[in-house]
Amino acid sequence: MKQINLDQVQADLSRWETGETVDEAALLSYAHWSRATGQRDELARTLTLLATRRFRETGTMDPLLNRWMKELESMHALPAELRVSQLNEKLRRFRQTLQIEWPTLREADYASMKVQILTDYEAKTSSLLDQLDQLHEEVERAKSDLRDSEFKHQLEQLSDAVVDATQEVAALEDDTASLLASMQGNYFSREAFRRFNERVTTVKSRIGTIIGLLPEQKRETKSSGIEKLETMIGLTDIKARVKSWYRFLLFQQEREKAGFSSIHQPSLHLVFTGNPGTGKTTLARLMAEIYFELGLLSRPDVIEADRSSLVGAFVGQTEEQVMNKVKEAEGGVLFIDEAYALKRQDASGSDYGQAAIDTLVAAMTSGEFAGKFVVILAGYPEEMRHFLLANPGLRSRFPDSNHYELPNYSDEELIAIGEKVADDNNYVLTAEAKRALLARLDRQRVDATFGNARTVHNILLDAMFQKGSRFGANAPLDEMAILTELDFVEPQSEEDRALSVDDLVGMAEAKRQLQEIEALITVQKRRRELGLKTAPVELHATLVGNSGTGKTTFAHLYAQLLKKTGYLKRGHLKVVSRADLVSGYVGQTAQKTKAAIRDALGGVLLIDEAYSLSGGPNDYGKEAIDTLVDEMPKHGENLVVVLAGYEAPMRRLIESNPGLSSRIKRSIHFEDYSIAELVEIAIRYAEKFGYVMDEDVRSEIENRIRQMERPNARMALSLIDEAIARQSYRLVGQDVSESDFNQLLVVDISTKL
């Protein structure tokens, strides 16, 4: 959070007091700072702005607003406007409690009924007197606080009315007791009965006078569907199109009222396309409301469905399930999300997706439900386009004018959505929090599956969780209303913490290249910030060397480095081999390769033993290479490809494909580990699990490694795994100390399993 100083606080407060847009997050920070530094005047001004803004927005006295106003009262700094707002809120509550139903007492009632009614009067008059006493105290306090305000005369009137009513209610309480006392069986005093009824009439009149002087309850206004649409963030073009459609439907209705008939009625069915979180479901609900308000539907309900609820597993089940949903949606809207999934491109003969489409089209055009429900289809743009083109019967029911493509939200719109989510949960975002939110969004915006508003919502919920878990039950009240940049810090994953350059044994060439890459990225990033021209950063690489020389470990570290420098958004490592990319049928290899690339976006794709993709003329590995070469430039800085394998086969692979050689120019060579380096790797691996060893054990590790044929790091790690297993077998069932469990002996190293 930025440093706060008195001059800045005073300047901001002066701007906001003159009517400029208030930054509530900054105000909360200023309030906290003013308390901590003893700036009484600035605290009073800050709390006044906070309380005024909150009351205007919420219209209710919530705990936080009450706390601010009590603090202002204790400082004798509560402005008259806020005091009046506070008073009106309290008086409205009295308006509710004073509206009492008085039962009618008749001479002809049975004695038991009379006793029951009079007992009820006793309870109500007693309760009413308590309410009037509280109201009188509140009014007297307000008269003192607002003695110089324009409300003085109104408060005096109210005070007099309360005093008069209190006297009459007290008299009614006495008359009720007298009437009860006069009753003997079915007989009672007629005079007491007359006096009682007259008093009831007077009390009703006095209470009515008070209610007339109290502020009225706030009336809740329900927004129409078109008004709700206008409050949605972004979607400017969509709003304009929906409003045009709305005006057209109004025009059609007016024509019919004027006696003009239309043979061809406009189709109400709609198609919404867009990426996740762009508002398709929300817009469908609003369209249902708009159709209902126009009288085009009998109810504004939206029945949601997808493939799982429409397509059955055997003959006849699909038709039944579709018709059940249609019946459920009668009079409203049937909303089918991811509608393209109804008919899969690779569907077999046992897939009943087409039956679902045919049944739906039939229900829309004929039969008892035709014209009685609206269908809205939704899904990703490209998939929906192919789906509708492949189903002309369905497409004809959705004219092009009824197709709406919802765009991705801009950064400004995503921040506005974040502010709304925060506000809905009684939080505000600091300027630093907004930047932190934007940074997290940028890291997640790596492909078409980016969740837009849904992602913002999830990040905000996580930030609220971080806030709560950090403070627990000891959070200051002001902190409960604000989200700072600290709440948006992503917890570091175990993978991020697990590896560093210092953990690498040997690898002098690889370490040097890592340092070179980090320097290159850092300097080019700085040049970009200064507005200078930047050189291309070539990060695709081949890792060449024998097995067990640390290539995969290096790839993990490489991905972490590219994330740390800000080059990659996710910085994860996706490791694949030939089996993950190559299939046995034409076309499937390209699909598998593209799927692997999608999973790697925002990170590093490591293809282990990549030379195995280079097979004979009929081998589908070439298709994987061609797909990789074609996809790499499409994703630019959103993907780094690393190929790993033995040096000679890797050189032949790169040289055999001009596309690969032009895209992958960096090669990092991994030398075989020396005996000393392998011993160090083995010892570090044991220490990672808490094991310790004496010098003679280290010497035995070296002896064992020297006995291996072409030893490598993987073999060194296996040696320790075997030693741990041998030690466990040696200790099981024995009564040993804790230190014995952590001690590896020579026998554990020298003995083979």
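Reader: In what order do the five strands of the open sheet stand?

Author: Happy to walk you through this predicted model. The sheet is open and its strands pair in parallel. Reading across the five strands, the order is β2-β3-β4-β1-β5.

Reader: Which strands stand at the edges, and why is one side of each left without a neighbour in the sheet?

Author: An edge strand here has a single partner strand, so one of its sides is left without a neighbour in the sheet. The strands in that position are β2 (302–305) and β5 (403–406).

Reader: By how many degrees are neighbouring strands of this sheet turned against each other on average?

Author: Good one for a geometry fan! With direction ignored, the average turn between neighbouring strands of this sheet is 20°.

Reader: Which residue in β5 is the bridge partner of Phe272?

Author: Strand β1 (residues 270–274) runs parallel to β5, and four bridges join the two. Within β5, the partner of Phe272 is Tyr404.

Reader: At about what angle to β1 does helix α11 run?

Author: Helix α11 covers residues 280–293 and lies across β1, β2, β3 (333–336), β4 (374–379) and β5. Its direction relative to β1 is about 155°.

Reader: Why is strand β10 described as largely enclosed by the rest of the structure?

Author: Buried means under 20% relative accessible area. Strand β10 spans residues 604–608, and it is largely enclosed because the buried ones among its five residues number four.

Reader: Which residue in β11 is the bridge partner of Leu605?

Author: Strand β10 has parallel partners: β9 (residues 573–576), through four bridges, and β11 (residues 640–645), through five. Towards β9, Leu606 stands opposite Val575. In β11, the partner of Leu605 is Val641.

Definitions and conventions: Residues are numbered from 1 along each chain as its sequence is written. This is a predicted model: local features need pLDDT of at least 70, side-chain atom pairs count only at pLDDT 80 or more; totals for chains, interfaces and linings use all residues. Side-chain values use heavy atoms; hydrogens and water are left out. Two strands pair if DSSP finds at least two bridges between them. Axes are lines fitted to C-alpha atoms, for helices over the stretch in contact, and angles run from 0 to 180 degrees between N-to-C directions. Contact means heavy atoms within 4.5 Å. Buried means under 20% relative accessible area, exposed over 50%, partly exposed in between (1.4 Å probe, protein chains only).
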